[in-house]
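Here is a short tour of one chain, from its overall make-up down to a few chosen residues. Have the sequence and the structure open as you read.

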Amino acid sequence: MSVEPAPGTEPRPPLPRLGLLPMIIFGSRWLQLPLYLGLIVAQCVYIALFLKELWHLSWHALDLTEQQIMMSVLALIDVVMISNLLVMVIVGGYETFVSRLDLQGHPDEPEWLGHVNASVLKIKLAMAIIGISSIALLRTFIEAGNLGSDRAGFTETGVMWQVLIHITFILSAIGIAYVDKLSDSGMRKHAE
């Protein structure tokens with residue numbers, strides 16, 4: 001009994017047969033599956049954190065100062081950005097390193113997924129980390145007026161370290177993008 005391909009699809013060529021060792025090595029990529037499933041659980045934790053923060057903001061909105069409301073909103077944005085980072089790692093990492101999701105033509109297919117590879121994923125992750133760091137730094141700068149008082153949640157040295165770490169993230173992203181550009185131009189020259 002032969003299985004006919006669905007109308008409008010092309011039949012797939014038969015899969016090549018692998019030896020035992022290549023099959024084990026290639027199959028080991030599936031060991032990452034529990035890691036991606038764990039990140040989905042982490043995403044659920046962030047949903048709970050978001051709802052908790054939103055409830056707190058909504059319930060106490062009339063009692064909070066403008067600065068406290070701004071800090072709560074920034075905390076919500078921070079959770080959303082980390083959640084976006086998780087989605088990029090889960091979907092992009094699974095697609096790149098484990099198996100294809102076969103989403104071509106699906107109306108909800110992420111636009112960036114069609115051209116994702118390890119290089120693109122690294123740059124997207126670096127940019128997301130810079131965005132998350134920027135939100136954290138903005139929260140610190142908003143609270144900077146409290147420096148030197150008992151209400152300060154950090155010290156001048158802590159602020160300096162946050163800025164230095166943020167600059168390091170930016171320089172790292174620039175370095176990754178530059179190395180990627182060099183790699184792409186080298187591949188193009190080699191192809192010619």
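## Contacts and overall make-up

Among contacts between residues at least 6 apart in sequence, 66% join residues at least 24 apart. Please keep in mind that this is a predicted model. The chain has 192 residues, and 22% of them count as buried.

What does the secondary structure come to? It comes to 5 helices and 0 strands. Read from the N terminus on, the elements run α-α-α-α-α.

## Helix 2 against helix 3

Let's begin with helix 2 (residues 33–60) and helix 3 (residues 66–98), whose axes come within 10 Å and cross at roughly 165 degrees. An angle over 145 degrees counts as roughly antiparallel, and helix 2 and helix 3 are therefore roughly antiparallel to each other. The crossing of helix 2 past helix 3 is left-handed. By class, the residues in the contact of helix 2 with helix 3 are 24 nonpolar, 4 polar and 1 charged.

Between helix 2 and helix 3 there is a loop, and Ala61 lies in that loop. Ala61 counts as partly exposed because its relative accessibility is 31%, and the partly exposed class runs between 20% and 50%. Ala61 and Ser72 are 11 residues apart along the chain, and their C-alpha atoms are separated by 9.9 Å.

## Helix 3 against helix 4

Now for the next pair: helix 3 and helix 4 pack at an angle of about 170 degrees, with axes 10 Å apart. Helix 3 and helix 4 are therefore also roughly antiparallel to each other. In their contact, the residues divide into 20 nonpolar, 5 polar and 4 charged.

Ile135 of helix 4 offers a residue-level view of this pair. Leaving aside neighbours within four places in sequence, Ile135 is in contact with Leu74, Ile77, Asp78 and Met81. Ile135 and Leu74 are 61 residues apart in sequence, yet their C-alpha atoms are 6.7 Å apart in space. Is Ile135 buried or exposed? With a relative accessible area of 12%, Ile135 is buried.

## A look at Val91

Val91 has its place in helix 3. Its relative accessible area is 21%, so Val91 is partly exposed; the buried class would need a value under 20%.

Which residues does Val91 touch, not counting those up to four places away in sequence? They are Leu101, Trp112 and Leu113. For Leu113, the separation from Val91 is 22 residues in sequence and 8.1 Å in space, C-alpha to C-alpha.

## Along helix 4

Helix 4 covers residues 118–143. How does its length compare with expectation? At 1.5 Å a residue, its 26 residues should span 38 Å, and the end C-alpha atoms are 38 Å apart, which agrees.

The buried residues of helix 4 are Leu121, Ala126, Ala128, Ile130, Gly131, Ile132, Ser133, Ile135, Leu137 and Thr140. As a reminder for reading such a list, an α-helix has 3.6 residues a turn, so residues three or four places apart point the same way.

Thr140, in helix 4, makes a good last stop. Thr140 counts as buried because its relative accessibility is 6%, and buried means under 20%. Beyond its neighbours within four places in sequence, Thr140 is in contact with Phe154, Val159 and Gln162.

Notes:
Residues are numbered from 1 along each chain as its sequence is written. This is a predicted model: local features need pLDDT of at least 70, side-chain atom pairs count only at pLDDT 80 or more; totals for chains, interfaces and linings use all residues. Side-chain values use heavy atoms; hydrogens and water are left out. Helices (H or I, at least four residues) and strands (E, at least two) are DSSP runs, numbered from the N terminus. Buried means under 20% relative accessible area, exposed over 50%, partly exposed in between (1.4 Å probe, protein chains only). Contact means heavy atoms within 4.5 Å. The expected span of a helix is 1.5 Å times one less than its number of residues. Axes are lines fitted to C-alpha atoms, for helices over the stretch in contact, and angles run from 0 to 180 degrees between N-to-C directions. Angles under 35 degrees count as roughly parallel, over 145 as roughly antiparallel, 65 to 115 as roughly perpendicular and the rest as oblique. A crossing is left-handed if the near helix is turned anticlockwise from the far one by less than a right angle, and right-handed if clockwise. Ala, Val, Leu, Ile, Met, Phe, Trp, Tyr, Cys and Pro count as nonpolar, Asp, Glu, Lys and Arg as charged, and the others, Gly among them, as polar.
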